[in-house]
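Student: I should like a close look at one part, namely the charged side chains and the helices that carry them. Please treat it in one connected account.

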Amino acid sequence: MPDEVATRFAAHARGEGGKSALLRRLIDEAVGARHAALANGAGSALPAISAALGPSTKVTLRLRADEMAQVVALAEARGMSRTQWITSLVRARLGVEHPQTGDERVALRAIARELNRIGSNVNQIARAANSDARSNRSVAVDAGLLAEMSAAVDRLSDALRQALGRSAGYWDTGA
């Protein structure tokens, strides 16, 4: 790529969340990956967050070989690249965010889907009760169904706290 084109691209990318964010978005658009990911519920808010926060600054870090091997091992265990892992560690120390692993994101999506289903059921119950009330009919409430939904919400709340706690606990710096 000619230097002039690279310079113009870098200047344009500054207003788009940085070169990596812009390249990721362009590639996603070119191959339709973003559309497919969003359709499957696997979309990421990271590019939008990056764009909203502005461009990033590159930092160079020197580590001994044994330290780098530890970083690589820890990153791989979390399903991250070493850069993602180091960035996440620094951001956790700064109190910015607690990134989740792929497994944690899957668990959180499953919890969200189940909560949506329960919310839909609650809306149907409310609609039926409102319809009965407007028609001056007595409102019949299935106490067993409400108890089941309440227990399901409690289970999902616990699962959500555990999933978020695992992620936050991993990055806890103790300071």
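To how many salt bridges does the count come by the rule in use?

Tutor: The model is predicted, so to speak, under fixed terms: local features need pLDDT of at least 70, side-chain atom pairs count only at pLDDT 80 or more, and totals for chains, interfaces and linings use all residues. Residues are numbered from 1 along each chain as its sequence is written, and side-chain values use heavy atoms, with hydrogens and water left out.

The count comes to three salt bridges, where a salt bridge is a side-chain nitrogen of Lys or Arg within 4 Å of a carboxyl oxygen of Asp or Glu. Arg64 takes part in a network of salt bridges with Asp66 and Glu67. In the pair of Arg64 and Asp66, the closest N and O atoms lie 3.5 Å apart; in the pair of Arg64 and Glu67, the corresponding separation is 3.2 Å.

Accessibility is classed by relative accessible area: buried means under 20%, exposed over 50%, and partly exposed in between, with a 1.4 Å probe and protein chains only. Arg64, at 53%, counts as exposed. Asp66 is partly exposed at 45%, and Glu67, at 24%, is also partly exposed.

The remaining salt bridge joins Glu114 to Arg117, with 3.0 Å between the closest N and O atoms. These two residues are three apart in helix H7, which means that about one helical turn separates them. The general rule is that an α-helix has 3.6 residues a turn, so residues three or four places apart point the same way. Glu114 has a relative accessibility of 30% and counts as partly exposed; Arg117 is partly exposed as well, at 48%.

Helix H7 covers residues 102-134 and also holds Ala126. Ala126 is partly exposed, with 34% relative accessibility. Its C-alpha atom is 9.9 Å from that of Val141, although the two residues are 15 apart along the chain.

The helices themselves are DSSP runs, numbered from the N terminus, of H or I with at least four residues, while strands are runs of E with at least two. By that assignment the protein has eight helices and zero strands. Of its 175 residues, 15% are buried.

Helix H5 spans residues 65-77, and helix H6 spans residues 82-94. The expected span of a helix is 1.5 Å times one less than its number of residues. For the 13 residues of H5 this gives 18 Å, and the end C-alpha atoms are 18 Å apart, which agrees. After H5 comes Gly79, with a positive phi near 75°.

The axes of H5 and H6 come within 8 Å and cross at roughly 90°; axes are lines fitted to C-alpha atoms, for helices over the stretch in contact, and angles run from 0 to 180 degrees between N-to-C directions. Angles under 35 degrees count as roughly parallel, over 145 as roughly antiparallel, 65 to 115 as roughly perpendicular and the rest as oblique. H5 and H6 are therefore roughly perpendicular to each other.

In contact, which means heavy atoms within 4.5 Å, Met68, Val71, Val72, Leu74 and Ala75 of H5 meet Arg82, Trp85 and Ile86 of H6. These residues divide into seven nonpolar, no polar and one charged. Here Ala, Val, Leu, Ile, Met, Phe, Trp, Tyr, Cys and Pro count as nonpolar, Asp, Glu, Lys and Arg as charged, and the others, Gly among them, as polar.
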